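Here is a quick briefing to read with the sequence and the 3D view open side by side. Take it one topic at a time and find each residue as you go.

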Amino acid sequence: MFRFSSPALRRLSLSSFTLAVALLAPASSLFAQGLPPPVVGALRVAHIPQQNTGVVVVDAESGKRLLASSNVGQPFNPASVMKLVTTDAALEMLGPTYTWKTQAYIDGSLAGGVLNGDLILKGGGDPKLVLENFWLFLRQLRARGIKDIRGNLVLDRSYFAESSYDPSQFDGDPQKPYNAGPDALLLNYRTQAFRFEPDAAAGVVNVSMDPPMAGFTITPPRLSQEPCGDWQGKLMLNNDLNGASFGGTYAADCGPRVWYVHPYRMNNAQYVGASFVQMWAELGGSFSGRVVNGVVTPSARLMVEVQSPTLPEVIRDINKYSNNVMARQVLLTLGAEMTGQPGDTVNAARVVRGWLNDKGIDTNGLAIENGAGLSRVERVTPSLLASVLVQAYRSPLMPEFVSSLPLVGYDGTMRRRLKTQSVAGQAHIKTGTLNDVRSIAGYVQAASGKTYVVVFLINHAAAPNGQKAQDALLQWVYENG
């Protein structure tokens, strides 16, 4: 059994079986109708057969269907809509006040600012240990009187299980930031931000990088007078452990720009270590040891502990901006917290499946690989998604969950969609996108005042053309719900 954060949340499962039956029941039994003409027409224009779609629209209060396709129990690749399952599970099981902890220990003697021993950084899986927070963490260490570290920097990453991760496996482009893997001591989403500033007068391109890294050199590109065009492709980046070399050109016409890159040739210990050494020196400290992986020793003393933002703030970043590595961190945290073992995808998937089963939600067809949807194998049924969303709406934690979804026409991944339609500002919708997948799921508050759960999954080669059909459904629900 898995623990839940309150008795009120446990009571939600009492009506789960009834809800699941209603979602899977024939449409006619609930006076539902087929897909509305605007949606059917848009699918026809997009050359997407209805059998390649899964659509559910249900009243969030009663669970009664307004309309549905015949594929509510069929497994679909959900793309990033899978994040809804991961984040709702985390919100209910970990609770709305949950935070991640990052700790610093010393193992040795400290006198006169000199640490004769090791500094140990223990990661707790924080998905949002960004540069500013890491700098404040190190600043607290300096305030505790540590200046000269004469031992090693030991990185304790044991909160998550060791695993082999191939960042090129998904799409063969390991340099993309979305291909960064999870880590118990994840710093700054494991990305590098290169900032380009052309100086036409001097005939050069100035390049800076965050995070700053000790021993990391940058060879800038040549300044060109070409049109900006494919500016990233023209840079010809070669990025490794020791530095970044831009063998190509950067056009003055581009102006200042930032390029976010995943440094996949640098392992996490090297990334954190180089960032630490540089920041520590900038804070007036010195370090003469090595950066190694290890664990907190029995003789170590806790010096500093910092906490992440609370879980609701983290899931807003995940759902509004579809942050993949943060979602992976949350899934592995569920595995670690609920089993007492180092988090991995196996125990985390088992936890999520058990949570769904305890709520009476049918998990047939469910496949969890990373909880983020950046996957070719993850699967979910429209019925399961709708059941999760209905129960989330009935939960005491509903405000935290719903507000984490993009507001149609205003922010996140829905900020440019339906801006001029009346549904703008009236729906919170999570999106999902892969080559052959377009997905939406969330809530629409109709003009009638009723709130509806909407799920619309498309798996087809022409899925990129399906956005108009999905937008048409959202507008139709707003007008007719």
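**Helix 5 and its hidden side**

In helix 5, the buried residues are L131, F134, F137, L138 and L141. Looking down the axis of helix 5, you'd see those buried residues fall within an arc of 120 degrees, so they line one face of the helix. Keep in mind that this is a predicted model.

- Flip to the face of helix 5 turned away from the buried side, and you meet the exposed residues E132 and A143.
- What covers the buried residues of helix 5? The cover includes strand 3 (101-111), strand 4 (114-122) and strand 8 (204-210), along with helix 7 (268-282) and strand 17 (301-307).
- Helix 5 takes in residues 131-143, and at 1.5 Å a residue those 13 residues should span 18 Å. The C-alpha atoms at the ends of helix 5 are 18 Å apart, which agrees with that expected span.
- Step just past the end of helix 5 and you reach G145, which takes a positive phi of about 95 degrees.

**Strands 18, 19 and 20, plus strand 1**

- Start with strand 20 (residues 451-459), which is mostly covered, with 9 of its 9 residues buried.
- In a regular strand, side chains alternate between the two faces of the sheet.
- In strand 20, T451, V453, V455, L457 and N459 point one way, while Y452, V454, F456 and I458 point the other way, and all of them are buried.
- Strand 20 has strand 1 (residues 53-59) as a partner: the two run antiparallel and are joined by 7 bridges. To find this pairing in the 3D view, look for D59, whose bridge partner in strand 20 is Y452.
- Strand 20 also pairs with strand 19 (residues 437-445), again in the antiparallel sense, over 9 bridges. Here, A441 stands opposite V455 of strand 20.
- Strand 19 and strand 20 form a hairpin with 5 residues between the strands, and in this hairpin G449 takes a positive phi near 100 degrees.
- Moving on to strand 18 (residues 427-434), 6 of its 8 residues are buried, so strand 18 is largely enclosed by the rest of the structure.
- Strand 18 pairs with strand 19 in the antiparallel sense over 8 bridges. Within that pairing, T433 has R438 of strand 19 as its bridge partner.
- How many residues does the hairpin use to join strand 18 to strand 19? The hairpin joins them through 2 residues.

**Salt bridges**

- The count for the model comes to 10 salt bridges.
- One of them is made by the side chains of K128 and D317, which meet at 2.8 Å, N to O. This pair links distant parts of the chain, 189 residues apart: K128 sits in the loop between strand 4 and helix 5, and D317 in helix 8 (residues 311-321).
- Is K128 buried or exposed? K128 has a relative accessible area of 15%, so it counts as buried. Its partner D317 is buried too, with a relative accessible area of 18%.
- K128 and D317 also belong to a network of salt bridges that links them with E313.
- D411 forms a salt bridge with K320, with the closest N and O atoms 2.8 Å apart. This pair also links distant parts of the chain: D411 is in the loop between helix 12 (398-402) and strand 18, K320 is in helix 8, and they are 91 residues apart.
- K320 has 10% relative accessibility, so it counts as buried.
- For another case, look at E226 and K234, whose side chains meet in a salt bridge at 3.4 Å, N to O. E226 is partly exposed, with a relative accessible area of 37%, and K234 counts as partly exposed at 26% relative accessibility.

**R328, a buried charge with no salt bridge**

- You'll find R328 in helix 9 (residues 324-339).
- R328 is buried yet has no salt bridge, and the nearest side chain of opposite charge, E369, is 6.6 Å away.
- What is R328 in contact with, leaving aside its neighbours within four places in sequence? The list is Y165, A180, P182, N370, A372 and L374.

Conventions: Residues are numbered from 1 along each chain as its sequence is written. This is a predicted model: local features need pLDDT of at least 70, side-chain atom pairs count only at pLDDT 80 or more; totals for chains, interfaces and linings use all residues. Side-chain values use heavy atoms; hydrogens and water are left out. Helices (H or I, at least four residues) and strands (E, at least two) are DSSP runs, numbered from the N terminus. The expected span of a helix is 1.5 Å times one less than its number of residues. Buried means under 20% relative accessible area, exposed over 50%, partly exposed in between (1.4 Å probe, protein chains only). The arc is that of the directions from the helix axis to the C-beta atoms. Contact means heavy atoms within 4.5 Å. Lys and Arg count as positive and Asp and Glu as negative; His and the chain ends are not counted. A salt bridge is a side-chain nitrogen of Lys or Arg within 4 Å of a carboxyl oxygen of Asp or Glu. Two strands pair if DSSP finds at least two bridges between them.
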